[in-house]
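Okay, thanks for having me, everyone. I'll put the model up and then talk through how the chains meet and how the strands pair.

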Amino acid sequence: MAFTLEEIVRRFGGEVVGDPSHRVGSLAPLDQAGPLQLAFLANPKYLSQVETTQAGAVLISADDLSKLAARDGRNFIVTPNPYAYFARVAQAFIDLAAPKVAPGVHPSATVDASAQVAASAVIGPNVTVEAGAVIGENVRLDANVFVGRGTRIGDGSHLYPNVAVYHGCRIGERAIIHAGAVIGSDGFGFAPDFTGDGDARTGSWVKIPQVGGVAIGPDVEIGANTTIDRGAMADTVIEECVKIDNLVQIGHNCRIGAYTVIAGCAGIAGSTTIGRHCMIGGAVGIAGHVTLADYVIVTAKSGVSKSLLKPGMYTSAFPAVDHADWNRSAALMRNLDKLRDRIKALEAAVAAKTPDET
Amino acid sequence: MAFTLEEIVRRFGGEVVGDPSHRVGSLAPLDQAGPLQLAFLANPKYLSQVETTQAGAVLISADDLSKLAARDGRNFIVTPNPYAYFARVAQAFIDLAAPKVAPGVHPSATVDASAQVAASAVIGPNVTVEAGAVIGENVRLDANVFVGRGTRIGDGSHLYPNVAVYHGCRIGERAIIHAGAVIGSDGFGFAPDFTGDGDARTGSWVKIPQVGGVAIGPDVEIGANTTIDRGAMADTVIEECVKIDNLVQIGHNCRIGAYTVIAGCAGIAGSTTIGRHCMIGGAVGIAGHVTLADYVIVTAKSGVSKSLLKPGMYTSAFPAVDHADWNRSAALMRNLDKLRDRIKALEAAVAAKTPDET
Amino acid sequence: MAFTLEEIVRRFGGEVVGDPSHRVGSLAPLDQAGPLQLAFLANPKYLSQVETTQAGAVLISADDLSKLAARDGRNFIVTPNPYAYFARVAQAFIDLAAPKVAPGVHPSATVDASAQVAASAVIGPNVTVEAGAVIGENVRLDANVFVGRGTRIGDGSHLYPNVAVYHGCRIGERAIIHAGAVIGSDGFGFAPDFTGDGDARTGSWVKIPQVGGVAIGPDVEIGANTTIDRGAMADTVIEECVKIDNLVQIGHNCRIGAYTVIAGCAGIAGSTTIGRHCMIGGAVGIAGHVTLADYVIVTAKSGVSKSLLKPGMYTSAFPAVDHADWNRSAALMRNLDKLRDRIKALEAAVAAKTPDET
């Protein structure tokens, strides 16, 4: 399969500079591409590679194109965002190459008679769809996926193997949920019901029922083995186009604003609200009941214990250094008050000896 | 379904003040409840809402009730712990409303002939129960649950979809284990068997067989995708009424004391003992082979590398601050020894110039 | 089942001192072993237990054996590494005792006609093997395992329940992959395609297709619910004999060098290279696009944000201390620049008053 540059810009936008009838069939990096391949320039520092590339055509911004010394006999697609353009074209080539999966319900699947499954959906081996669930058009549920009663899966969504979505949740259109993710498990809430202290303490933790759901907007991607708890009373909410990596925990009644990205191993405790367009780094921990403004960036491994109400970048992590050096500083750090007291004493001593002229 | 206040106190305790024949059918917050709803006052700062609520009845402590200006024509259930009482009543309403699942083994399940499954148990689609396993009364195993050979699941337990419990483990009564949790995977133990150094090193890691099991007491809840490893020789032990959140890792041969709660993303390395009534915050890391006393609290994101033998609250986490500010302090922190040396030099200089009068 | 010491050394090496025809049938610690049991001395500080043990034979190093006062009438197997020897013998006893599982494909499994499954493999209940996958000799796929199209599972590997290996991956020989692990999920990569700022921002994240795979060498063990993402263009690579604990995240295009061990809850961001024989502690976070040399040790809970190009031990974690003490130091830490300024002022004051004699 190959497409003319004209066909590509008709579908994805941009403008051809060069021969619109030139055909390309795949993508490759600038320094490896051949005449039947499309390459892209996302970073101006590789501009010299564009001069020498054998690529059949190059995705490039108008600005970078204007800097090129020689472009005669070469082909370009001019677009303001070559990297995103590359991603879209690459996805289209992959979709064309992928084996087609026939719609229908695998004979080993268990689909309740009251569930609605679109005829275009692909329901894989050993999938369970409970009563009243609604599976949209072109949805793909891979092997062993579980969809609880009354849960809705939006059109075009793809749930990879072993994903479990509990009852009463809503997944938006075009969701991608990777293997082993769990959506709608109970939030972590218990009322203490103890009397007495120490060894004499008796009683127990009483489970707070979790009767909210999880509501996920369109175009959300959720990583492998990530967990998103259902709300206690109201829903946990993930807004549109949020992207969540693997092994992330999101507590009950959180709200994650649109376009926010959350990297792997992050954990967000219950009832926290994160704004739109935030970037939460890997292994970040965020306390419960706090609010992050739009456009907040929290760098990897940092911990957030209070609300961050202004856009900006926040940090509380140290980079690893030589172990012995670290231990020396860490010991002083634990005794900073003593250093401070020595400074105070020095200040007093110096002041006492300073005559009145100051 | 609705119940008189008298019916409620007969089941859950407490004392009616007002009309015992008043009926309520659901629960709601004080500021939203109507005459057929039960509300609760857990925090005295909302006492004024009790004055104005439309709730059919309010759960309240005797102390708070005594502070109310007007209570004529109002209904109360007086209990020392309105929040726990609320949780219990809410659970009962939910249980009544939940669709009844008929006991029995789903035809797609694979249950070994030598396994014992109580007639009252619900065995869902694609469940696997291996040889010699014992599934207690009223147990519910959801879709794709795996129960290994010889493992026992206590009466009244509920294992959500895709839970895997390896062979030779015991789960106590009334356990709730959320989707994707893994109980009884091999502990992480390898004997180094290498010779030579640097590039010349040869050999391998030799796996230490893990032949202990996991023993879990009654009334334990385990979160989604949490992992609890089996012991190397003896069992890993989780005592009664321990509550564990999502994505928690518990290493081989740990013992977690009764009533302890562990928040999401925490990790506890092997052979560590945690006391009773402890609270382990989110994303806390605890080293192997250490001991935490009863009533230890470790705040979120902290790391524990040594035993904590006294009750109390322990911390080693910083809250995220402005990135540039953090970096400035972090650079100084890495050079604390230089600051300390400057203080020393000053002390020497000041002492040298101080006459004998001091 | 019992074996003579001669039979054992014939299989596992070492040398018998004492009676080669003595038989042992299981293993036990020195202080609990009886005449039919094999014990081991790995740590010289327990040498006195060897003097008094009732064990039928003791695994011991030549050096430790030479320190024994009396060894008449006792049996030993002399080996340079008694602990590794113990592990190997223990595994052999366990393998003998384990119930034999007949090879074959469980009737509830779904195996594509174009997949190749060795006759000696055990394919459990509800397993899915997609088109073109290759399942090697003596492989064991437990309940609900998913193997995507074209993926190869090496001879002798054991995948525990609910493991998902996406399409186009290669698992080496003798892999052990614990329940719920996910291999080959999409790497976390999105091209920003936004215009405008603040509330006026429009656009979306465009998914970067992830068309690399995961290539895993021989003798690798992977813990429960661990996730390893597929590469964007090239493969994510896990070299031979790497051992990975539970709930670890490994990003796309990482390369983990041979014999490296990674403890639970660690997270490694994309395109990072870790050398051979490294030890990554629990809950360590490592940034993307960095390189760790061979023989690097990162202690638990530390964060790595830059390359560590020299072997050695690196740290950035604090141990938890009393909460109030910590908060006092943490407040000073956030104001280290003020302490530094006070030191500067003192230095200036002291210098100003110091006569020219210095």
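**Where chain A meets chain B**

So, start with polar contacts: between chain A and chain B there are 28 residue pairs of that kind, both residues at pLDDT 80 or more. And yes, I say pLDDT, as this is a predicted model.

Which parts of chain A do the touching? Elements that put two or more residues into the side facing chain B include β21 (182–185), β22 (190–195) and β23 (202–207), and also the helices α5 (323–333) and α6 (336–353). The largest share comes from α6(A), with 8 residues. If you sort that side of chain A by residue class, you get 39 nonpolar, 24 polar and 12 charged.

Now the salt bridges. The count between these two chains is 3. One to find on the screen is A:Asp193 with B:Arg88, whose side chains meet at 3.0 Å, N to O.

How much area is buried between chain A and chain B? About 5,600 Å², and carbon and sulfur atoms give 65% of that. On the chain A side, look for A:Phe188, A:Trp205 and A:Phe318, since no other three residues supply more: together they make up 12% of what chain A buries against chain B. In residue numbers, the contact takes 75 from chain A and 62 from chain B.

Next, the strands. There's an open sheet of 12 strands, with mixed pairing, that begins at β8(A), passes through strands of chain A as far as β39(A), and ends on β40(B). What's at the edges? β8 (104–105) of chain A and β40 of chain B, each with a single partner strand, so one side of each has no neighbour in the sheet.

Zoom in on the spot where the sheet crosses between chains. β39(A) pairs with β40 of chain B, residues 321–322, in the antiparallel sense over 2 bridges. There, A:Tyr314 stands opposite B:Asp322. Back within chain A, β34 (residues 279–280) and β37 (residues 296–298) run parallel, joined by 2 bridges, and A:Met279 has A:Ile297 as its bridge partner.

Last stop, chain C. Here β21 (residues 182–185) runs parallel to β18 (residues 164–165), with 2 bridges, and C:Ala164 is partnered with C:Val182. β21(C) also runs parallel to β26 (residues 227–229), this time with 3 bridges. In that pair, C:Ser185 sits opposite C:Asp229.

That's my tour, happy to take questions.

Methods: Residues are numbered from 1 along each chain as its sequence is written. Chains are lettered from A and ligands numbered from 1 in the order in which they are written. This is a predicted model: local features need pLDDT of at least 70, side-chain atom pairs count only at pLDDT 80 or more; totals for chains, interfaces and linings use all residues. Side-chain values use heavy atoms; hydrogens and water are left out. Contact means heavy atoms within 4.5 Å. Buried area is the accessible area (1.4 Å probe) that two parts lose on being put together, summed over both. A salt bridge is a side-chain nitrogen of Lys or Arg within 4 Å of a carboxyl oxygen of Asp or Glu. A polar contact is a pair of N or O atoms within 3.5 Å; within protein, one must be able to donate a hydrogen and the other to accept it, and residues adjacent in sequence count only if both atoms are side-chain atoms. Helices (H or I, at least four residues) and strands (E, at least two) are DSSP runs, numbered from the N terminus. Ala, Val, Leu, Ile, Met, Phe, Trp, Tyr, Cys and Pro count as nonpolar, Asp, Glu, Lys and Arg as charged, and the others, Gly among them, as polar. Two strands pair if DSSP finds at least two bridges between them.
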